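Please examine the charged side chains in the structure shown below. This report describes how some of them pair and how far they are open to the surroundings.

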Amino acid sequence: MAIDRRVLEAARDVGGREGVAPAALVAVALVETRGVPFVEVKGANEPLIRFEGHYFDRLLPDALRAKARAAGLSHPRAGRIANPPGQSGRWALYEAARALDAEAAAASVSWGLCQVMGLHGKTLGFGSAVELAEAARASIPGQMSIGARFLAHGHLGARLMEGDVKGFARRYNGPAYGKNHYDEKIAAALKRAKNALAQAGDYLSIGDEGDAVLRLQMALRNVGSPIVLDGIFGPRTHEALTVWQTAAGLAPSGIADEATRLRLRL
């Protein structure tokens with residue numbers, strides 16, 4: 001199945017702004033949600049979610065915990081509150097939890113394409129878990145922004161792009177990643193993501209390598225950027241390109257898109 005072009009475009013745009021390789025974002029989305037950004041729930045398009053009842057139990061105030069347990073919404077042990085196989089059932093579970101405590105419910109859900117839990121909301125620059133949830137529900141770029149911030153935190157995205165697949169899998173999926181073959185899945189997804197992004201358009205972004213990147217670096221040096229010519233689109237190339245785009249009056253995306261390449265005569 002082809003990867004949704006909207007997902008590829010959002011990964012490029014958001015990855016450029018956040019300094020995260022678009023291929024890493026797409027790869028995580030493929031493993032976590034098959035790259036599906038929305039499903040229909042009660043006539044509305046909603047992001048894919050997973051509700052964690054043991055987190056809800058932990059985050060609730062004492063006055064509500066007994067009520068949540070009685071309603072089958074929380075339990076102190078992981079896995080005891082089963083997620084329905086379909087998204088409609090999961091959303092019903094979440095809505096019931098939200099009726100008790102909106103912030104605790106949003107914090108207890110893994111949201112969107114990259115399945116980032118709402119409890120990371122403030123760490124990732126959102127005002128609350130509810131605000132993170134709203135970003136996921138609003139748009140594909142919103143979901144990718146959540147994923148990009150999470151991958152930037154602790155340099156997870158860079159770890160994956162540098163080839164430390166097992167280290168990435170351990171941090172993203174947990175110590176038992178081997179049982180799920182998560183390292184193998186993410187490695188295969190990364191290869192697929194790179195191919196899809198290459199075929200989707202003549203763009204260069206963080207994580208790319210080769211002669212095309214070297215030509216970009218040479219063009220940046222010709223306009224005054226003190227950049228190393230190594231053919232690797234890493235953080236320094238991303239920063240140099242963003243600085244030049246700002247000075248040139250272009251959107252500072254950190255991506256060598258068509259407008260950027262025309263101005264640099266690539």
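In this predicted model, Glu9 is partly exposed, because its relative accessibility is 39% and the partly exposed class lies between 20% and 50%. Its partner in a salt bridge is Arg5, with 3.2 Å from N to O. Arg5 is also partly exposed, at a relative accessible area of 47%. Both residues belong to helix α1 (residues 5-18), where four residues, about one turn of the helix, separate them.

Side chains of opposite charge can pair when their charged atoms come close. The structure contains ten salt bridges, and three of them are listed here.

| Salt bridge | Closest N and O atoms |
|---|---|
| Glu9 and Arg5 | 3.2 Å |
| Arg69 and Asp57 | 2.7 Å |
| Glu95 and Arg98 | 2.7 Å |

The salt bridge between Arg69 and Asp57 links distant parts of the chain: Arg69 lies in helix α4 (residues 62-70) and Asp57 in helix α3 (residues 53-59), twelve residues apart. Arg69 is partly exposed at 40% relative accessibility, whereas Asp57 is buried, because its relative accessible area is 5% and buried means under 20%. These two residues also take part in a network of salt bridges that links Asp57, Asp62, Arg65 and Arg69.

The pair Glu95 and Arg98 lies within helix α5 (residues 87-100), three residues apart, about one turn of the helix. Glu95 is partly exposed, with a relative accessible area of 30%, and Arg98 is partly exposed at 31% relative accessibility.

Methods: Residues numbered from 1 in each chain as written. Predicted model: local features only at pLDDT ≥ 70, side-chain atom pairs only at ≥ 80, totals over all residues. Heavy atoms only, no water. Salt bridge = Lys/Arg side-chain N within 4 Å of Asp/Glu carboxyl O. Helix = DSSP H or I, 4+ residues; strand = E, 2+ residues; numbered from the N terminus. Buried < 20%, exposed > 50% of the residue type's maximum accessible area, 1.4 Å probe, protein only.
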